[in-house]
Amino acid sequence: MNIGVFLSAADLGEHYTVPAREFGKLIGAGGHTLVWGGSEAGLMKVLADAVQEAGGRLVGVSVEFLHELARNDADEMVIARDLAHRKAELLLRSDAIVIMVGGTGTLDEATEILELRKHGLHTKPVVLLNTAGFYDGLKQQFRRMDAEGFLPLPLADLVYFAEDGPAALAYLLERV
């Protein structure tokens with residue numbers, strides 16, 4: 001399975017790096033391919049290192065203005081012209097999507113992926129990996145959107161909130 005992962009390229013503490021490393025090991029040990037932003041920095045690097053060390057493949061999709069941060073030893077590296085093209089390439093090359101912790105860029109990617117799913121423009125399973133309760137507030141907001149009729153399909157059909165990597169991967173394996 002090609003697992004697209006959106007996450008931060010920031011250097012963060014162990015409460016985020018340890019779960020990222022563990023999830024990467026699960027991806028690689030399962031013989032899956034990581035499709036990610038291609039960066040050799042921060043959590044992106046931690047995740048990719050773990051996937052590669054566990055025997056998985058790496059498909060990076062970087063962007064022109066960040067190409068100098070692209071990982072040199074990825075199995076495949078695509079350089080997109082801009083962020084919109086990058087998101088489209090990541091979705092195209094993925095069988096399933098996992099959204100891990102991140103800033104505004106990750107949030108932008110997550111909302112676009114969910115909006116496309118909401119409109120039926122893709123049917124790939126989407127997981128928000130809620131490491132250390134990072135997405136608790138977003139989960140609450142989505143529940144309110146669902147309860148008040150802002151979502152045209154049930155929240156459970158739009159996104160799955162996983163509390164850890166094993167739960168995220170198990171969910172994806174049931175749906176792909």
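Is R175 buried, partly exposed or exposed? Select R175 and look: this residue is partly exposed, with a relative accessible area of 43%. Keep in mind as you click around that you're looking at a predicted model.

**Stop 1: the salt bridges**

While you have R175 up, add E174. The two form a salt bridge, and the closest N and O atoms are 2.8 Å apart. E174 counts as exposed, at 61% relative accessibility.

There are more of these to visit: the structure holds 13 salt bridges. Select E40, K45, D49, R71 and D73 together, and you have one network, joined by salt bridges that share partners. Now zoom in on R71 and D73. Their side chains meet in a salt bridge at 2.7 Å, N to O. Check the surroundings of each partner: R71 counts as buried, at 4% relative accessibility, whereas D73 counts as partly exposed, at 41%. R71 falls in the buried class because the cut-off for that class is under 20% relative accessible area.

Next, jump to helix α4 and pick K118 and E115. Both lie in that helix, three residues apart, which is about one turn. Show the side chains and you'll find another salt bridge, 3.1 Å from N to O. Here K118 counts as partly exposed at 22% relative accessibility, and E115 is also partly exposed, at 37%. As a general point, side chains of opposite charge can pair when their charged atoms come close.

**Stop 2: from K118 across to α6**

Leave K118 selected and add L155. How far apart are the C-alpha atoms of L155 and K118? Draw the distance and you should get 9.6 Å, for two residues that sit 37 apart along the chain. L155 belongs to helix α6, residues 155–158, and is buried, with a relative accessible area of 9%.

**Stop 3: the largest pocket**

Now bring up the surface and go to the largest pocket, with a volume of about 360 Å³. To find the middle, select L7, M44, L66, R86 and E109: of the 24 lining residues, these are the closest to the pocket's centre. Three elements give two or more residues to the lining, namely β1 (2–6), α3 (83–92) and α4 (104–118). Colour the lining by residue class and you'll see twelve nonpolar, eight polar and four charged residues.

**Stop 4: β1 and its neighbour**

Start with β1 from that list. This strand is mostly covered, with four of its five residues buried. Add β2, residues 33–36: the two strands run parallel and four bridges join them. For a handy landmark, select N2 in β1 and look across to T33 in β2, which stands opposite.

**Stop 5: helix α3**

Move on to α3, and begin at its N-terminal end. What caps it? Select D82: one of its side-chain oxygens lies 3.3 Å from the backbone nitrogen of A84, capping the helix. Further along, H85, R86, K87, E89, L90 and L91 are buried. R86 is worth a second look, since you met it among the residues closest to the centre of the largest pocket.

Then click on E89, which sits in this helix. E89 is buried, at 14% relative accessible area. Show R93 as well, and the side chains of the two make a polar contact at 2.8 Å.

**Stop 6: β5, β6 and the loop beyond**

Select β5 (residues 96–99) and β6 together. They run parallel, joined by three bridges, and I99 stands opposite L128 in β6. Now turn on the side chains of β6. Which way do they point? V126 and L128 go one way, V127 and L129 go the other, and all of them are buried. In a regular strand the side chains alternate between the two faces of the sheet.

To finish, follow the chain out of β6 (126–129) towards α5 (136–147) and stop in the loop between them, at A132. Check the backbone torsion here: phi is near 55°, a positive value in a residue other than glycine. A132 is exposed as well, with a relative accessible area of 58%.

Notes
Residues are numbered from 1 along each chain as its sequence is written. This is a predicted model: local features need pLDDT of at least 70, side-chain atom pairs count only at pLDDT 80 or more; totals for chains, interfaces and linings use all residues. Side-chain values use heavy atoms; hydrogens and water are left out. On a 1 Å grid over the protein atoms alone, a cavity is a set of points where a 1.4 Å probe fits but cannot get out, and a pocket is an open set with protein on both sides within 12 Å along at least five of seven lines; lining residues have an atom within 4 Å of a point. Grid points are joined across faces, edges and corners, and a volume is the space filled by probe spheres set on the points. Ala, Val, Leu, Ile, Met, Phe, Trp, Tyr, Cys and Pro count as nonpolar, Asp, Glu, Lys and Arg as charged, and the others, Gly among them, as polar. Buried means under 20% relative accessible area, exposed over 50%, partly exposed in between (1.4 Å probe, protein chains only). A polar contact is a pair of N or O atoms within 3.5 Å; within protein, one must be able to donate a hydrogen and the other to accept it, and residues adjacent in sequence count only if both atoms are side-chain atoms. A salt bridge is a side-chain nitrogen of Lys or Arg within 4 Å of a carboxyl oxygen of Asp or Glu. Two strands pair if DSSP finds at least two bridges between them.
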